[in-house]
Every structure is written in C-alpha cells, then in structure tokens.
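Me: I've got a structure open and a few things to ask before I head back to the bench. Can you walk me through it?

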Amino acid sequence: MKWIGGLVLFVLMSVVATAQEAPRPQKVEDLVRLLQDPEVRSWLEKAPGPSSIAVEEVDAGLATWEAATRSRIDGVVQVIPRIPGEFMAAASRTRADALSHGKLPVFVVFLGLTAVGLRAERMFARSRRRAEGLQERRLAIGVFAAAMGAVFFAFGWPALPRIVLLVSLLALVAYRTISALLDAAVLASSVRRRAKVFAGVAVVAVAAASLGPPLSIDPAATEAISFCFSIALLALAVEGAVSSSGRTLAARISLCLAFVVIWALWCVGLHGLFWLGVYAMALPTVLRFTGRAATEAFPSEPDSMKRVLLVRGSRAVVVAVAVAWVAIVWRVDPNSLVHSDPAVASVAYGLLKSIVVLLLADLAWHLAKSWIDRRLSVQAEAGNDPSQAARRGRLRTLLPIFRNVLAVMVAAIAGLIVLAELGVEIGPLIAGAGIFGVALGFGSQTLVKDVISGVFYMLDDAFRVGEYIQAKSYKGTVEGFSLRSVRLRHHRCPVFTVPFGELGAVENMSRDWVIDKFRVNVSYDTDIEKARKLAKKIGAELQADPELGPMFIQPLKMKGVEEFGDYGIVLSFAMTTVPGMQTYIRRKAYAKIREAFQANGMGRISMIFSPGPMTLPTMLYADVTTMPSEGALITVLSKTAKEAASCSSTSRSEFLDSLSFVTASSVRWVRRRSTCSFASAICEPVVACSEATAAVCPNRSASMRKSSV
C-alpha cells in the first residue's frame, strides 16, 4: 500500500509543478499591462457609471420619440392638400380594373348588392309578422348581410373592385348594426341622432384607412385622411358634450377637455393610452346598454341563472374584447411605453390578465349567488308538507352560511391570482397567512370558539331559520346567521345577537310537534262527564275546521280533574299541534269552551252567604267565563259595608267573611286588568266597612285594612 501512496503523491506534485510552469496567455499579459498604464487607469476613474448611461439612453429615447412624432405630424399636414388627388387616382385605378374585366363600376355593383339585401330583408320581415324589437332587427340585418354575401361570393371580381366592395359591404352592415343598437337604447332623439352620425363617420374613417394599402395610396395620405376624420369625430363629440342640457357647465367643460386629451394621445402616437381613455369614457355606458339589450333579447325571470349568465356574461365578453384589443395595440405599437422596460411590460400585461381573472371571478360569484337566492326563494314558496318544511328550514339555515364562505373563497382566490399575475410571490404570503392564522387562533380564542361552535351547531341541526329557541336567558325566533353569531327576534320585538359560544344548551320549541296543556276552573257541582264530552266535541270541531285542522296532530282532549281549588275544581286539557301554532289554537279553544260551558250551565261558582235574616249572594266566574263588571263588584262591596255597620257583632263577622271573599276576587281582577281607578273604588267601601266594625272586631278590622292596602 505504501507504493500506491507514493505514486499518488508523485502524480499530484507533477500536476502542481506543471500548473506552476504553464505560461499565462498573451491576452492576459496585455490586459495586465493595460491596467497598469497610468492613462488607462485615469480614464477608468473618470468614466461615467451605469446610471449615467441609463439616463442618457432614456433621454435619447425620448428625443427620438419626440423627433419622430414631430416629423409624422409635419408630414401629415403637408400631405393634406394631396388627398383629393390620391383619392381620384385610386378611384380611377379601381374603375379601370373593373371595366377591363367586363364588370360594372364598383358603385353600381354596390347599389345592386344593397338592393338585393334590402329585398331579402323585406321578405323576411313579412314572413315573421312580429312586433319590431332588437332581436327582430338583428335577425333582419343578418338576413340582409347573408343575401348580399351570397350574391357577392357567387360571382368573380377583379382584385381592386373585390376589396372595395368587401370593405364597403362590411362597413354598411356594421353601421346598420350600430344603428339598431342605438335605436334600442333608451336615449333622447337628439342624442340618438348625434350618436348615429358619429358612428357613421367612424365607420367610414375605418373603411378609408383599411382601403389605403390595397389601393396603393401613399401611406402619408392615408394617415392624413385618418387625421381629417379624427378632427371631424372630435368636433362631433365636443358638439354633443356642449349641447347636452342634462349636465352642468363644469361637467360639460370637463367632458370636452377629456375628448381633446384623448384625441391628442392618438395624434402623438400613444395608441395604448388612447384606447384606455376611449374605454374609460365609453365602457360604462356600453356595459349598461349591453346588459339591457341581453335582457330584452332573451327575456327570463329576475335573478335567474340564465339572466345572470346573459347579462354578466355579455358584459364580461365586452370587457374581455376591450382588454384583448389593448393587448394587441401594445404589442404591435413600437412607440408603446410597454416596450421601454421589461418591468413595465410585466406589470401592464399582468393588469390585463388580472382584469380577465376578476371578470371570471365576478361571473362565477354571481352565478353561485343567483342559484342560492333562487333556491331560498323557491323553498320559501313551497307547500306545507312537514318533511319538505324540515328540508326547507335546513336549506334556509345552511345556504346563507355557504354563500358567505363562497364569497370569501372567491375573493381570496381571485386576489391571490391577481397578485401572482402582477409578479408578486404569493408563496411567502400564503405561509405568512398560515402563521398569522395560528397566532390569531391563540390570541382570539373567543372568536375561534364562536366559529367552531357555530359549525357544530349546524352539523347537529340544532336550530334553523324561523324556529323558536331558548338558550340561557336568550329566546326568540331565529332570523339569520353569520360566521360567529345567531340573530334572535324575541316575541316582544327585541333582537338578540348571540355569539355561538354563548348559547350553550339550546331548547328548540319549534321542532316536530308541541303538546299544549291548559287548565279551566269550574264549580264543584259541574258534571265532569258532560264536560269531557263537550271538550271532545270541541276538539272534533276544531280539527274539522279547514284553517285549524292541518295544524292538529292530536285533537283537543280533557285529561280530567287536575286539583280541587278553594272555590271550584280545576280541569286539565291537552292537545298536540304543529310547532308555533299552539297559542293561536289555544285562543280558539278558549272561546269555544267558554261558549259551550255557558250554553250548558257550567263555568261559574255559586256561594251563598246567609248572615241571620239577611241574604247576600256573591258570584265569582271561572277563567273561561266573564268576570264580574267593575260596577257590580263595587256595588256588592258598598252594600256589604252598609249592612255590616247595622248588624250585631256575630252577623258582622259573617259579613266580613263574605267581604274578604269578594275582595280576594277583586284583587285578582285588578292584577289582570291593572285598573288603578277600580282598585281605588274597591278600597273605599272596604275601608268604610272596617271603620264601622272597628269597635266590636278590632282584629278583623286591622286585617281588612291590610287587605285593602
């Protein structure tokens, strides 16, 4: 092994020696010698840095752009006098080309094709015989274009006449389409007329600019023609802004300045900014009109998915086309600011992509929201089937929560995609959001408790929207939810917003069925069996009622004697109803029981007091009958006081017993009616009776005074 180690050491030393002996290249020697030269070192110290070079390049780029723009404008101004000559020369070449191939002049052929299209459109309109609307106008224009296109493509045309005819026919169809859309718009007649003139001039300008290269017109002349048309369009726009009476003077001046600025951007060659300005001015109106036109063309129910898809989808298509056009302009325009810096280009195209992402997110959200709202409205209008009612309640509870969660998800996903398109690294953001979520979970334990408790309440189906619940000291009808709380409407109208973490055990009073029990007091001589039969008959009548019958699960029944009271017996009644309707049914049952008991001589307790030769009857009525009137009780009390003052001590004691009994019933009346004047009227005869008997019954007089107070 030693000789192997020695061999390796020898090879390494040879390699090192060879490397040390290898001479440096000549270029390296020259570079070292130049760097050691004092003049070179002096020049390097005085040389400008990278920032200065970049500034000079930017200045040179701006100067070049300014010179090119000035030269182009000067060339356009100089070529304007030559426009008529260029136009006549192009017309002569087109006419000569048509005649040399045995064809009619282009203008005559154009009139013939237009006549064929109008004839086909008239025949189509006669066959339809429908009310004229936007959809019918579009179909008619489609027939017009199809007829002209069929005749045009059925014959062969020379090169120049063919391109002129094609551009002219397309311009005519485009103008008629725009006119139909403007007629369908809700605009004043003067505004509609100006808009049609503006659209006609714009269509002619685009057609003239498109025919320049095929007809061999000088590019400078073509640009000059476009410049002249742009001045005409600017004049029409300014005139329309000045003539609008619905705007203030400041608004009209601002609108005119905006038109001038947009026109200036086009003139100096900043086409990207020009189109952005055009979209900023016209896009809101175009979007409103597009949505209205889509609604009229395809009528549907409000808030339906079809309507949302048509309205939002058509608007999204318009915005997407505008974004695509701006992207094309930026890509083909050499003077665009996007080409000046890769960072600017990345941000610009990222913004365009972000707009598309936001459009898709908006469309998805509104479709989902429309479906959820539609489901909620359909569930609210459904029938009274108990199984369907339970399903509706669960959907009305869960769908709003799902809608909120979906909104948060769509917003978060769209925001992250937009940030990614703008060049922001979203990986650290997601990681930071996770860490922040953990910190928030530890720091906001109450909030986390509320959210998690709400999730489990929903999973357990503890309550639904519209159900009456009670939790601790909170009770009421469930009106709605959020992610952390439930909103309860008390039966006396206050609204409780209770966090889910504060609910605890929930008592649901609106689930499945309700057993309602109540009691009725009758006299001791009441026939119990007769009362049972009357209650059964009343239960059958209530169950046969078309309004109350569907609310019953089990009919009204008398359970029997519940207890013996001081002045009568207490009968117990019970019935099983659907949740939430027991109070309404109980009121109806009270009324029928009162009528039936009165008709059969039941329901009142009669007690006869016989103090010596005098007889004073006193009547008390049970809960199901009417109580004595205020005047009747006051009369009884006054008469008792007068008679008690004129009889012996023994008789007076019996009268005081009768008076105590009547006073107890009057106190119960006062507690129910809360009538202060009646209470004062009762106290006066009680106090008079007590004073009259103070001499012979001092102890009873004191108790009477206390009772009156």
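Me: How much area does the protein chain expose, and what share of it do carbon and sulfur atoms supply?
Reply: Keep in mind that this is a predicted model. The area the protein chain exposes comes to about 42300 Å². The share supplied by carbon and sulfur atoms is 65%.

Me: What percentage of the residues count as buried?
Reply: A residue needs under 20% relative accessible area to count as buried. The protein chain has 709 residues, and the portion that passes is 32%.

Me: Is C493 buried or exposed?
Reply: The cut-off for exposed is over 50% relative accessible area. C493 has 55%, so this cysteine is exposed. C228, with 32%, lands in the partly exposed class. Back to the one you asked about: C493 is exposed.

Me: How many disulfides does a search of the whole structure find?
Reply: A disulfide here takes two cysteine sulfur atoms within 2.5 Å. Searching the whole structure for such pairs gives a count of zero.

Me: How many helices and strands does the protein chain have?
Reply: Both kinds of element turn up in the protein chain. The tally is 23 helices and ten strands.

Me: What is the average pLDDT of the protein chain, and where is the pLDDT below 50 with zero contacts beyond near neighbours in sequence?
Reply: The average is 74, and 70% of the residues score at least 70. Residues 604–628 stay under 50, yet the model gives them 62 contacts beyond four places in sequence. The stretch with zero contacts beyond near neighbours, also below 50, is residues 1–23.

Methods
Residues are numbered from 1 along each chain as its sequence is written. This is a predicted model: local features need pLDDT of at least 70, side-chain atom pairs count only at pLDDT 80 or more; totals for chains, interfaces and linings use all residues. Side-chain values use heavy atoms; hydrogens and water are left out. Buried means under 20% relative accessible area, exposed over 50%, partly exposed in between (1.4 Å probe, protein chains only). Helices (H or I, at least four residues) and strands (E, at least two) are DSSP runs, numbered from the N terminus. Accessible areas come from the Shrake-Rupley method with a 1.4 Å probe; for residues, only the protein chains shown count as cover. pLDDT is the predictor's confidence in each residue, from 0 to 100. Contact means heavy atoms within 4.5 Å.
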